[in-house]
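This report examines one protein structure, with attention to its empty spaces, its charged pairs and its surface. The reader is invited to follow each residue in the structure shown below.

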Amino acid sequence: MNYYIIIPAHNEAQFIGLTLDSLVSQTVLPTKIIVVDDNSTDATSEIVQSYIGKYPYISLVNKKSEAIHLPGSKVIQAFHEGEKHIDDNYDIIVKVDADLIFPSNYFQTIIKHFQSDETIGMVGGFAYIEKNGDWILENLTDKDHIRGAFKAYRKETFKQIGGLKPAMGWDTVDELLCKFYNWKVVTDETLHVKHLKPTGANYNKTARYKQGEAFYSLGYGVLITSIASLKLAMRKKRPLLFVDYIHGFLKAKFSKKELLVTKEQAKFIRNYRWKKMKEKLF
């Protein structure tokens, strides 16, 4: 199976070389790697250029945008820029962050999952961060969720869900839409991806409000949002984030922000979320 990788990057000179090293060392190599340099002011582009001569399947796209980093919108807009530079000769498309180190068998294993069952729409491993010299699970989500840092999609699935939405919550709505269209989402606990920069390290308070907006945009409703907000704030060990998340939700609700999903999909999502909560309680 051919797989294409798109890497949005903004000021990733410290890490992009390590990410590319791990990708060109895969036991099954990608057909294309497109790095989208989104208005970097450091040596990101120069580092990527140094790989292009040695690895013809790597290319660089330069994008100009605002420097402010808001979760979701900026990174997916850069991903969309990368999509303009690919053809349709892929079986799997992968969105990858520029601060990761993949094990050498990562994509060989991902491909085996896709080949094992044609109803599998998405596959991913798990993110690990360094703490006191050890690599530990970055435990911000349930184990049936694929982190936004490394998302691999079957082409048919990717097209049916409408690609990636340029808003915070994109890496949740994609999985929920997979389930809406009866695709399976598979996570593999044997695949440990080193995440070199903690999630949200560059986010400001405006970005934290965006999480609440995302819950609204997914059609969660007040009660599910409250539960999800509390759970996420406690996982991050910052209980006061709950207030920011609710603030963002209410702001989106009162401004009648457009949802990322249809009314039918929102109803499905709420029912699915309640079902998952009940399974954990009982």
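The lining of the second largest pocket in this predicted model consists of 6 nonpolar, 2 polar and 4 charged residues. The pocket is lined by 12 residues, and those nearest its centre are Ala-167, Met-168, Lys-210, Glu-213 and Lys-257. Its volume is about 150 Å³. Helix α7, which spans residues 205–217, supplies 4 residues, the largest share of this lining.

Two of the residues nearest the centre of this pocket, Glu-213 and Lys-257, also form a salt bridge, with their closest N and O atoms 3.8 Å apart. This pair links distant parts of the chain, since Glu-213 belongs to helix α7, while Lys-257 sits in the loop between α9 (241–254) and α10 (263–281), 44 residues away. Is each partner buried or partly exposed? Glu-213 has a relative accessibility of 12% and therefore counts as buried. Lys-257, in contrast, has a relative accessible area of 33% and is partly exposed, because the partly exposed class lies between the limits of 20% and 50%.

Enclosed space is considered next. Rolling a probe the size of a water molecule over the atoms shows where empty space is left. A search of the whole structure finds 1 cavity of 30 Å³ or more. The largest cavity holds about 60 Å³ of space. Its lining is made of 11 residues, and Phe-126, Leu-137, Glu-138, Thr-141 and Arg-147 lie nearest its centre. By type, the lining of the largest cavity divides into 4 nonpolar, 3 polar and 4 charged residues.

Which residues near the centre of the cavity meet in a salt bridge? The side chains of Arg-147 and Glu-138 do so, at 3.2 Å from N to O. Both Arg-147 and Glu-138 are buried.

The count of salt bridges in the model comes to 15. Among them are the three pairs in the following table.

| Salt bridge | N to O distance |
|---|---|
| Lys-159 and Asp-88 | 2.7 Å |
| Arg-147 and Glu-138 | 3.2 Å |
| Lys-257 and Glu-213 | 3.8 Å |

The pair in the top row joins the side chains of Lys-159 and Asp-88. Lys-159 lies in helix α5 (residues 155–160) and Asp-88 in the loop between α3 (73–83) and β4 (92–96), so this salt bridge ties together parts that are 71 residues apart in sequence. Lys-159 has a relative accessibility of 48% and therefore counts as partly exposed. Asp-88 belongs to the partly exposed class as well, because its relative accessibility is 41%.

The final topics are the surface and one strand residue. Leu-223, Ile-227 and Trp-274 make a nonpolar surface patch of about 260 Å². Of these residues, Ile-227 lies in helix α8, which covers residues 222–235. With 36% relative accessibility, Ile-227 counts as partly exposed.

Val-185 is found in strand β9, which covers residues 184–195. Why does Val-185 count as buried? Its relative accessible area is 16%, and buried means under 20%. Val-185 and Thr-44 are 141 residues apart in sequence, and their C-alpha atoms are 32 Å apart in space.

Note on methods:
Residues are numbered from 1 along each chain as its sequence is written. This is a predicted model: local features need pLDDT of at least 70, side-chain atom pairs count only at pLDDT 80 or more; totals for chains, interfaces and linings use all residues. Side-chain values use heavy atoms; hydrogens and water are left out. On a 1 Å grid over the protein atoms alone, a cavity is a set of points where a 1.4 Å probe fits but cannot get out, and a pocket is an open set with protein on both sides within 12 Å along at least five of seven lines; lining residues have an atom within 4 Å of a point. Grid points are joined across faces, edges and corners, and a volume is the space filled by probe spheres set on the points. Helices (H or I, at least four residues) and strands (E, at least two) are DSSP runs, numbered from the N terminus. Ala, Val, Leu, Ile, Met, Phe, Trp, Tyr, Cys and Pro count as nonpolar, Asp, Glu, Lys and Arg as charged, and the others, Gly among them, as polar. Patches are made of residues with over 30% relative accessible area and no salt bridge: like charges are joined within 9 Å, nonpolar side chains (Val, Leu, Ile, Met, Phe, Trp, Tyr) within 5 Å. Accessible areas come from the Shrake-Rupley method with a 1.4 Å probe; for residues, only the protein chains shown count as cover. A salt bridge is a side-chain nitrogen of Lys or Arg within 4 Å of a carboxyl oxygen of Asp or Glu. Buried means under 20% relative accessible area, exposed over 50%, partly exposed in between (1.4 Å probe, protein chains only).
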